[in-house]
Every structure is written in structure tokens, then in C-alpha cells.
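Colleague: Could you take a close look at one part of this model with me? Start from a single contact and work outwards, please.

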Amino acid sequence: HTFSGNLFKVDVGKGDEVKLVEVVGRSLSFGDGLELLSPTKLVVAGNPTRLVESSDDWETATVVGTFKGPGHRLTTAATLKDGKVYLNHMFGLGYPRKKHVLVEAVFSS
């Protein structure tokens with residue numbers, strides 16, 4: 001949830017049951033797009049973009065890394081290609097003729 005920073009798990013094997021994932025550490029507020037990197041890692045695109053990890057099937061999760069791209073651009077989506085995370089930085093100041101800017105995310109802890 002973008003404004004609250006809450007992360008939810010939908011269990012399709014249990015009739016689409018929805019559970020709140022307890023996120024430890026940094027907030028996920030203003031997160032937008034989600035990209036599941038593996039069964040235990042998730043990217044939450046936003047400003048900043050967060051790398052989140054869970055070791056208990058998403059009952060709890062921890063922010064293990066962050067990436068802050070261009071501050072004047074709005075990060076809206078993440079995608080994975082060849083093991084690298086790329087972010088879509090949508091509209092903003094500084095690129096008057098470009099609507100979208102793609103940037104590789106390198107996470108720091």
C-alpha cells in the first residue's frame with residue numbers, strides 16, 4: 001500500500017486469503033511497483049527503491065538494501081533482466097523531451 005507502506009501477501013492456495021507482512025527496519029512508504037526477484041526477494045520501486053527479503057514465506061520481511069535514483073524523477077516500476085534490476089523513472093524535471101528514463105538499480109545496505 002503506497003501511503004501506509006504496508007506489504008500484503010495474497011495466498012491463492014487459501015482462497016485468496018490476504019495477510020499483512022510484518023516489515024522490519026525501514027518503511028516501505030511511497031513504494032509503487034513490485035518485482036519478485038526470487039521466492040525470498042522482492043523489489044519495491046519508489047523513492048527510494050527498497051530490496052526486501054523474507055526467510056519465513058513472507059510472514060515477516062526485512063529491508064536489506066536501498067537505491068536512490070534521480071531525485072527529480074518518480075520511480076514507478078521495476079523489472080529484472082539477466083540478474084539485474086532496472087527501474088522506470090517516469091515524469092519529472094530535468095528531461096523535458098523524455099517521458100521515461102530506465103536506470104539499473106545497485107542496492108546498498
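**Around the second strand**

Modeller: Let's start with E22, which stands opposite T60 in β6. Keep in mind that we're looking at a predicted model. That contact fits a wider pairing: β2 and strand β6 (residues 60-67) run parallel and are joined by three bridges. On top of that, β6 pairs with strand β5 (residues 49-53), this time antiparallel and through five bridges. Here T49 stands opposite F67 in β6. β5 and β6 make a hairpin with six residues between them, and D57 in its turn has a positive phi of about 60°.

Now back to β2, and out to the surface. F8, V10, V12, V18 and L20 form a nonpolar patch there, with about 500 Å² of accessible area together. β1 and β2 are the elements that give two or more residues to that patch. V12 sits in the loop between β1 and β2, and V12 counts as exposed because its relative accessibility is 67%, where exposed means over 50%.

The loop after β2 is worth a look too. Searching the whole structure turns up one aromatic pair. It's F3 with F30: the ring centres are 5.9 Å apart and the planes are at 90°, so this is an edge-to-face pair. F3 lies in the segment before β1 (7-11) and F30 in the loop between β2 (17-24) and β3 (31-38), so the pair ties together parts 27 residues apart in sequence. As for the partners themselves, F3 counts as exposed at 62% relative accessibility, and F30 counts as exposed at 51%.

How values were computed
Residues are numbered from 1 along each chain as its sequence is written. This is a predicted model: local features need pLDDT of at least 70, side-chain atom pairs count only at pLDDT 80 or more; totals for chains, interfaces and linings use all residues. Side-chain values use heavy atoms; hydrogens and water are left out. Rings of Phe, Tyr and Trp (its six-membered ring) pair if their centres lie within 6.5 Å; planes under 30 degrees apart count as stacked, over 60 as edge-to-face and the rest as tilted. Helices (H or I, at least four residues) and strands (E, at least two) are DSSP runs, numbered from the N terminus. Buried means under 20% relative accessible area, exposed over 50%, partly exposed in between (1.4 Å probe, protein chains only). Patches are made of residues with over 30% relative accessible area and no salt bridge: like charges are joined within 9 Å, nonpolar side chains (Val, Leu, Ile, Met, Phe, Trp, Tyr) within 5 Å. Accessible areas come from the Shrake-Rupley method with a 1.4 Å probe; for residues, only the protein chains shown count as cover. A salt bridge is a side-chain nitrogen of Lys or Arg within 4 Å of a carboxyl oxygen of Asp or Glu. Two strands pair if DSSP finds at least two bridges between them.
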